[in-house]
Amino acid sequence: MEELLPHDVIEYILERLDVKTLLKFTTVSKQWKSTIIQCRSFQTRQMLRLKQSGKTHVVFVSLYGGSERNSGIEALRTLAFYEVCNTSCDGLICIYDRYDGQSIVVNPTTRWHRTIPPCNYHLAVPFNRRIRQPSPGFGKDKINGTYNVVWLYNSAELGLKNKSFTTCEVFDVTTNAWRYIVPASPYLIHRIQAPLYCDGSLRGMKPMFFIPQPPFLHGLTTPNLIMCSLDDRLCVSPRIWLRQHVMWSFDSADKTWKKIYSIDLKRTSSGLRDYITPLSVLGKDKLLLYDRESSGVQLVAYDLRTKYYDISYKCKDNAYVLCYVPSLISIL
């Protein structure tokens, strides 16, 4: 085929194929293998084309090794003491161990992975002093294109001799080492809400308020919020028991909040609980939600027009659920 078509035309055709098909094609020739496995520009184009198709892909990360198999669900089984960063980035997810601080960046489609060493926080603070554990964030630097694992924590609470209340550590994949970001957050970090990656930024409960004050916070003294990423935008909803969830989206271009969705729990309370979390937008009139409880996880398709829902999938494991884009990308 190389004799009949220029290689750039072949790439144009290949980037329209899914990842698992492309992996089979690595045996065709050395040049095809090099393009598919090593060419970052080809991998990025293929991933963006799939992302633009609007298809929703879900990965279940089971911490107990017994996740049910389903042809439409990508499953990843890990050791029981690992937890999962709550957003994926370009088909990559990050799992981490709160005890020793080790992280693993994984591509669940290709099964590629890379181990990240513990940050300075885990080396300096004994586990018995980590009364209030932080959670790491995982995302991509929009400026230089590198993928980063980030630990942002309240150093003042731990008695660390820092000049600021908080400390931010970022793992640099080019030097294979951790570095400090100065200045870090001027506000103490809310530990209940794990960092969320969207629109090229990591958002947390307190850092969220570097942006304009959300209108839904007025009158709420201790807001319990649901934070998620929909269409790569920060979305937030106050969590109010057995009432309507109103989802607000932040437009980073004009720095404004917009009310986008409403979930009526009064009509769905027989099957859905008040801490359901949106995962993805399904077409024009539906949301994909998930409900994680001790007995397992269920995916729910919620019709915004009729206010009714369908249970799409149930998993008996108490697994983490992430939307992701199947990709060939790895952190070299």
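A residue is called buried when its relative accessible area is under 20%, exposed when over 50%, and partly exposed in between. With these words in hand, the model, which is a predicted one, can be read region by region. Asn-176 is a handy first case: its relative accessibility is 45%, so this residue counts as partly exposed. Asn-176 sits in the loop between strand E9 (167-172) and strand E10 (177-180). Its backbone also deserves a look, since phi of Asn-176 is near 55 degrees, a positive value in a residue other than glycine.

Asp-231 tells a related story. This residue lies in the loop that joins strand E13 (225-230) and strand E14 (233-238), and its phi, near 55 degrees, is likewise positive in a residue other than glycine. Asp-231 has a relative accessible area of 64%, so it falls in the exposed class.

It helps to step back to the whole chain for a moment. The protein contains six helices and 21 strands, and 48% of its 332 residues are buried. Among contacts with a separation of 6 or more, 47% are between residues 24 or more positions apart.

One of the helices, H4, can be followed in some detail. Helix H4 covers residues 40-52, which makes 13 residues, and spans 18 Å from its first C-alpha to its last, close to the 18 Å expected at 1.5 Å a residue. The buried residues of H4 are Phe-42, Gln-43, Gln-46 and Met-47. Viewed down the axis of H4, these buried residues fall within an arc of 130 degrees, so they line one face of the helix. Their packing partners are three helices: H1 (7-14), H2 (19-24) and H3 (30-38). Just after H4 comes Gly-54, with a positive phi of about 85 degrees.

How do two packed helices get described? The angle between their axes and the distance between the axes do the job. For H3 and H4, the angle is about 65 degrees and the axes are 6 Å apart. Angles of 65 to 115 degrees count as roughly perpendicular, so H3 is roughly perpendicular to H4. On the H3 side, the contact is made by Thr-35, Ile-36, Ile-37 and Gln-38, while H4 contributes Arg-40, Phe-42 and Gln-43. Sorted by class, this contact has three nonpolar, three polar and one charged residues. Phe-42 and Gln-43 thus appear twice, as buried residues of H4 and as members of the contact with H3.

Met-47 of H4 leads on to another part of the chain, as it is one of the residues in contact with Asp-90. Asp-90 belongs to the loop between strand E3 (82-84) and strand E4 (93-97). Is this loop residue buried or exposed? At 12% relative accessibility, Asp-90 counts as buried. Apart from neighbours within four places in sequence, Asp-90 is in contact with Met-47, Lys-51, Lys-140, Tyr-147, Val-325, Ser-327 and Ile-329. The C-alpha atoms of Asp-90 and Ser-330 are separated by 9.3 Å, although these residues are 240 residues apart along the chain.

A residue from a strand completes the tour. Thr-277 is located in strand E17, which comprises residues 277-282. Its relative accessibility is 14%, so Thr-277 counts as buried. Leaving out residues up to four places away in sequence, Thr-277 touches Ile-226, Cys-228, Leu-288, Leu-289 and Tyr-290.

Terms used. Residues are numbered from 1 along each chain as its sequence is written. This is a predicted model: local features need pLDDT of at least 70, side-chain atom pairs count only at pLDDT 80 or more; totals for chains, interfaces and linings use all residues. Side-chain values use heavy atoms; hydrogens and water are left out. Helices (H or I, at least four residues) and strands (E, at least two) are DSSP runs, numbered from the N terminus. The expected span of a helix is 1.5 Å times one less than its number of residues. Buried means under 20% relative accessible area, exposed over 50%, partly exposed in between (1.4 Å probe, protein chains only). The arc is that of the directions from the helix axis to the C-beta atoms. Contact means heavy atoms within 4.5 Å. Axes are lines fitted to C-alpha atoms, for helices over the stretch in contact, and angles run from 0 to 180 degrees between N-to-C directions. Angles under 35 degrees count as roughly parallel, over 145 as roughly antiparallel, 65 to 115 as roughly perpendicular and the rest as oblique. Ala, Val, Leu, Ile, Met, Phe, Trp, Tyr, Cys and Pro count as nonpolar, Asp, Glu, Lys and Arg as charged, and the others, Gly among them, as polar.
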